[in-house]
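Student: Could you take me on a close look at one part of this protein? I'd like to start with a single residue and what it touches, and then see how the rest fits around it.

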Amino acid sequence: VMERHYRYPVRQDFIEFPAGKIDPGEAPLATAKRELREEAGYVAGHWEHLGGIHVAIAYSNERIELYLARGLRHVGAKLDDDEFLDILHVTVPQALAWLREGRITDAKSVVGLLLLEKRLRGGA
């Protein structure tokens, strides 16, 4: 599951994985579960940590943890009042094609797709 999300700083839509900020005291996996549910309307039966990335070390200490969610079940989204996005049901080959074509440029989604591709091919 991916989403088309309008991002105000660059004034355009991006195709990306669901994500969000960690609430105070919240574990990264709990954040991933919450954001998948709130934004995409899904819960997952199995979660696997793919890795973590620092997004912009020159000016930020932000770290993003990346997870693979399997066994998805739709339960309905709970978007914020100012949040507008479209849910995309995309196969991994299609998402990788969009990555190669430059349609997916969001850093967390680029790295997440590459880690996902490696994992699905049997890599660590």
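Tutor: Sure, let's start with His49. Setting aside residues up to four places away in sequence, His49 touches Glu65, Leu66, Tyr67 and Arg119. You'll find His49 in strand β3, which covers residues 42-54. Its relative accessibility is 40%, so His49 counts as partly exposed. For a sense of distance, pick out Asp86: it sits 37 residues from His49 in sequence, and the two C-alpha atoms are 25 Å apart in space.

Before going on, keep in mind that this is a predicted model. The mean pLDDT of the protein is 93, and 98% of its residues reach 70 or more. Among the elements, helix α2 (residues 92-101) has the highest mean pLDDT, 98, and β5 has the lowest, 92. As a rule of thumb, where pLDDT is low, the predicted coordinates should not be read in detail.

Now go back to Leu66, one of the residues His49 touches. Leu66 belongs to a nonpolar core of 6 residues, whose members also include Leu50, Ile53 and Leu68. That core lies apart from the largest one, which has 10 residues: Met2, Ile15, Leu88, Val90, Ala95, Leu96, Trp98, Leu99, Ile104 and Leu113. Helix α2 gives the largest share of the 10-residue core, with 4 residues. There's a general pattern to remember here: in soluble globular proteins, nonpolar side chains tend to be buried together.

Leu113 is a good way into that largest core. Leaving out neighbours within four places in sequence, Leu113 is in contact with Phe17, Ala95, Leu96, Leu99 and Ile104. Now find Glu38, which is 75 residues from Leu113 in sequence and 21 Å away in space, C-alpha to C-alpha. Glu38 lies in helix α1 and has a relative accessibility of 22%, so it counts as partly exposed. The cut-off for buried is under 20%, so Glu38, at 22%, doesn't meet it. Beyond residues up to four places away in sequence, Glu38 touches Ala77, Lys78 and Leu79.

Stay in helix α1, which spans residues 28-40, and look for Thr31. Thr31 has 4% relative accessibility, so this one does count as buried. What does Thr31 touch, once residues up to four places away in sequence are set aside? The list is Gly20, Lys21, Ile22, Asp23 and Glu26.

Asp23 is worth a stop of its own. It is found in the loop between β2 and α1. With a relative accessible area of 38%, Asp23 is partly exposed. Not counting residues up to four places away in sequence, Asp23 touches Thr31 and Arg34. Asp23 and Glu39 are 16 residues apart along the chain, and their C-alpha atoms are separated by 15 Å.

Next, swing over to the start of the chain. Val1 is in the segment before β1, and its relative accessible area of 25% makes it partly exposed. Again leaving out residues up to four places away in sequence, Val1 touches Phe17, Pro18, Ala40, Tyr42, Leu72, Ile87, Leu88 and His89. Two of those names have come up before: Phe17 is also in contact with Leu113, and Leu88 is in the 10-residue core. Gly123 is 122 residues from Val1 in sequence, and 22 Å from it in space, C-alpha to C-alpha.

A little further along is Arg11, in the loop between β1 and β2 (12-16). Arg11 isn't a glycine, although it has a positive phi of about 55°. Is Arg11 buried or exposed? It is exposed, with a relative accessible area of 69%.

Let's finish with the second largest pocket, which has a volume of about 170 Å³. Its lining has 12 residues, and the closest to the pocket's centre are His5, Tyr6, Asp82, Glu83 and Phe84. The elements that give two or more residues to this lining are β1 (2-7) and β5 (85-88). β1 makes the largest share, with 4 residues. By class, the lining has 7 charged, 4 nonpolar and 1 polar residue. When you look at the β5 side of this pocket, remember that β5 is the element with the lowest mean pLDDT, 92.

Technical notes:
Residues are numbered from 1 along each chain as its sequence is written. This is a predicted model: local features need pLDDT of at least 70, side-chain atom pairs count only at pLDDT 80 or more; totals for chains, interfaces and linings use all residues. Side-chain values use heavy atoms; hydrogens and water are left out. On a 1 Å grid over the protein atoms alone, a cavity is a set of points where a 1.4 Å probe fits but cannot get out, and a pocket is an open set with protein on both sides within 12 Å along at least five of seven lines; lining residues have an atom within 4 Å of a point. Grid points are joined across faces, edges and corners, and a volume is the space filled by probe spheres set on the points. Ala, Val, Leu, Ile, Met, Phe, Trp, Tyr, Cys and Pro count as nonpolar, Asp, Glu, Lys and Arg as charged, and the others, Gly among them, as polar. pLDDT is the predictor's confidence in each residue, from 0 to 100. A nonpolar core is a set of buried Ala, Val, Leu, Ile, Met, Phe, Trp, Tyr and Cys residues joined through side-chain atoms within 4.5 Å. Buried means under 20% relative accessible area, exposed over 50%, partly exposed in between (1.4 Å probe, protein chains only). Contact means heavy atoms within 4.5 Å.
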